[in-house]
Amino acid sequence: MTRKVAQCLQMVKPGLTTGLSFRMMHPMNNFPYILTISSEKGGVGKTTLATNLAIFLKAMQEDLPVTIISFDNHFTVDRMFELKGQEPHGTVEDFLTGTRGIDLLHQGQYGVNYIPSSNNLTELYQGFKGPMALCRMVAESGISGIIVLDTRPDLNILTQNALYAADRVLIPVKDMPSLENCKHIFALFDQRGIDKKSLALIPCLIDNRIKYDGLFKDQRTLLRAFAINRGYRCMDTYISKSPKVESLNTNPDGKIYPILSHARETEVHSQFIELSRDILSSYNQTKEPRSYLYHQWQTEQEGRKKEAFLARLEGVLPHCVICGGLHEGEGSKGFYFETADRTSRGFLHSDCFTGMLCSILYDLHPRSDLYQLSLQVIRESAGASIAVFRPLLDESGQPRLFFQQLDPSGAPLLERELSLEGFFEGVFDGIRDQLFLLLNESMTGYDGKLRSSWLVVHPVDKEKPEQVLQDVAYRRIQDMHRLVSEMATN
């Protein structure tokens, strides 16, 4: 295949491929260079540009891996590149839902790899969060070389991600309406504060028979002048309108033929060579593609998250402050507690904490018959709520403990004022013993008095309790603590 393609190039300009010393020397072999083809306007030749560019790029640098992925639902990519008899293994939908790209690649015609298209992508838009989600997927895809992304003719969240992930974006324009629509793409980059140097307009489907009197002689110079006047970068290269090229997509055979091998005598063939040379030059000059830069940033972020996690883990007490026993074996840690000033933090045994709640809320001794009956109710409520303990003084100046149970949003489920009688004297009554032990080790100052603070207890996954200290989960804890602090001051 590649030999035939190279021969097609040689027939246009003998010696052309030998004159193009495009050989990839990047050390970032597993981080692809992304070329996105995008336009809000349909009928501008976007997919023709994307598919044929992939073929020309592969032909002009045979050792370069080239992959094409389409986010549109017309399946042109599949019809053009599918090799009959190849066992299908996944689609673009799988790629966008977590499967590594390298595991979905299909060997296609003309040496171009592709991931089969899907018509279920609109169902993914709602869950496709963040402007750099696709960049992360590409960085982790294991695909090397160049990836050509063919987008839908709109600016949905997937198209936006394809734009932000790109090292280079080609925006085909054929008339004033398509040129006018370009402003939305440039506005997106302005809103995100992203450098627009990756964006470039390319005049497409230009009818060279149309001539004008005056300063602008033809469609290409007119469109280019208007583009530059708007502050858009516009390529010198353009793609002409060609009946021959149009026939490659619409013919009695029902096939889609490439310009490289079936339109060698046309001006469009030479224009694609010129455009491909420009892209390959840019590719070889890009030592660190955007996917690699994202990988670097993500690695640094993960490093900082790991350091923060280890710092949080380092301050955690090794034992349950209610019973004094060390945390040994899986499933022993059922709850995580932290004081407002973060001077005391640690895990509590599930049985210790739920048993304590059962005693203080129902005023039951652990050896009573009702205690065991009430314990199951407490286990269910404690596992789905956040417990808050806040010392205060009543109207007569006597110390009390304000107890709250909050739902995950911070809404109060239960509120009680509990007596602390006997706490400072060290008198245990068999009911509040465990509460006094919790308060004594977590909230007592050097003078033996309770600090003016509060303590919050969160349920955790017994199988992976330390995950509560990971970045995302711990941010939720911090959000809850800010809310508790606000309630305490009101």
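Me: How do the axes of helix α14 and helix α16 sit where the two pack?
Reply: In this predicted model, helix α14 (residues 350-362) packs against helix α16 (residues 433-443) at an angle of about 120°, and their axes are 8 Å apart.

Me: Why are α14 and α16 called oblique to each other?
Reply: Run through the cut-offs: roughly perpendicular covers 65 to 115 degrees, and roughly antiparallel starts over 145. The angle here is about 120°, so α14 and α16 end up oblique to each other.

Me: What makes the contact between α14 and α16?
Reply: From α14 you have Cys352, Gly355, Met356 and Ile360, and from α16 come Gln434, Leu435 and Leu438. By class, this contact has five nonpolar residues, two polar ones and no charged ones. Gly counts as polar in this scheme, so Gly355 of α14 is classed as polar.

Me: What makes up the lining of the largest pocket?
Reply: That pocket has a volume of about 500 Å³. Its lining has 30 residues, and the closest to the centre are Gly45, Lys46, Thr47, Thr48 and Asn249. The elements giving two or more residues to the lining are α3 (46-60), α4 (76-81), α10 (243-249) and α12 (267-285).

Me: Which element gives the most to the lining of the largest pocket, and how does the lining split by class?
Reply: α3 gives the most, with six residues. The lining comes out as eleven nonpolar, 13 polar and six charged residues.

Me: What about the second largest pocket: how much space lies in it, and which residues lie nearest its centre?
Reply: About 370 Å³ of space lies there. It is lined by 15 residues, with Asp167, Lys197, Ser198, Thr286 and Arg290 nearest the centre. α12 and α13 (290-314) are the elements that give two or more residues to this lining. By class, the second largest pocket has four nonpolar, three polar and eight charged lining residues. Asp, Lys and Arg count as charged, so Asp167, Lys197 and Arg290 are charged residues of this lining.

Me: How many cavities of 30 Å³ or more does a search of the whole structure find?
Reply: One. The largest cavity has a volume of about 30 Å³.

Me: What lines the largest cavity?
Reply: Phe335, Phe353, Leu357, Ala382, Ser385, Ile386, Ala387, Gln405 and Val457 do. At least two of the lining residues come from α14, and at least two from β10 (386-393). The split is seven nonpolar, two polar and no charged residues. Ser and Gln are outside the nonpolar and charged lists, so Ser385 and Gln405 are the two polar ones.

Me: How do you know how confident the predictor is in this chain?
Reply: Mean pLDDT for the chain is 89, and 94% of its residues reach 70 or more. Over residues 1-27, though, pLDDT stays under 50. For that stretch the model has 47 contacts beyond four places in sequence. Local features need pLDDT of at least 70.

Notes:
Residues are numbered from 1 along each chain as its sequence is written. This is a predicted model: local features need pLDDT of at least 70, side-chain atom pairs count only at pLDDT 80 or more; totals for chains, interfaces and linings use all residues. Side-chain values use heavy atoms; hydrogens and water are left out. Axes are lines fitted to C-alpha atoms, for helices over the stretch in contact, and angles run from 0 to 180 degrees between N-to-C directions. Helices (H or I, at least four residues) and strands (E, at least two) are DSSP runs, numbered from the N terminus. Angles under 35 degrees count as roughly parallel, over 145 as roughly antiparallel, 65 to 115 as roughly perpendicular and the rest as oblique. Contact means heavy atoms within 4.5 Å. On a 1 Å grid over the protein atoms alone, a cavity is a set of points where a 1.4 Å probe fits but cannot get out, and a pocket is an open set with protein on both sides within 12 Å along at least five of seven lines; lining residues have an atom within 4 Å of a point. Grid points are joined across faces, edges and corners, and a volume is the space filled by probe spheres set on the points. pLDDT is the predictor's confidence in each residue, from 0 to 100.
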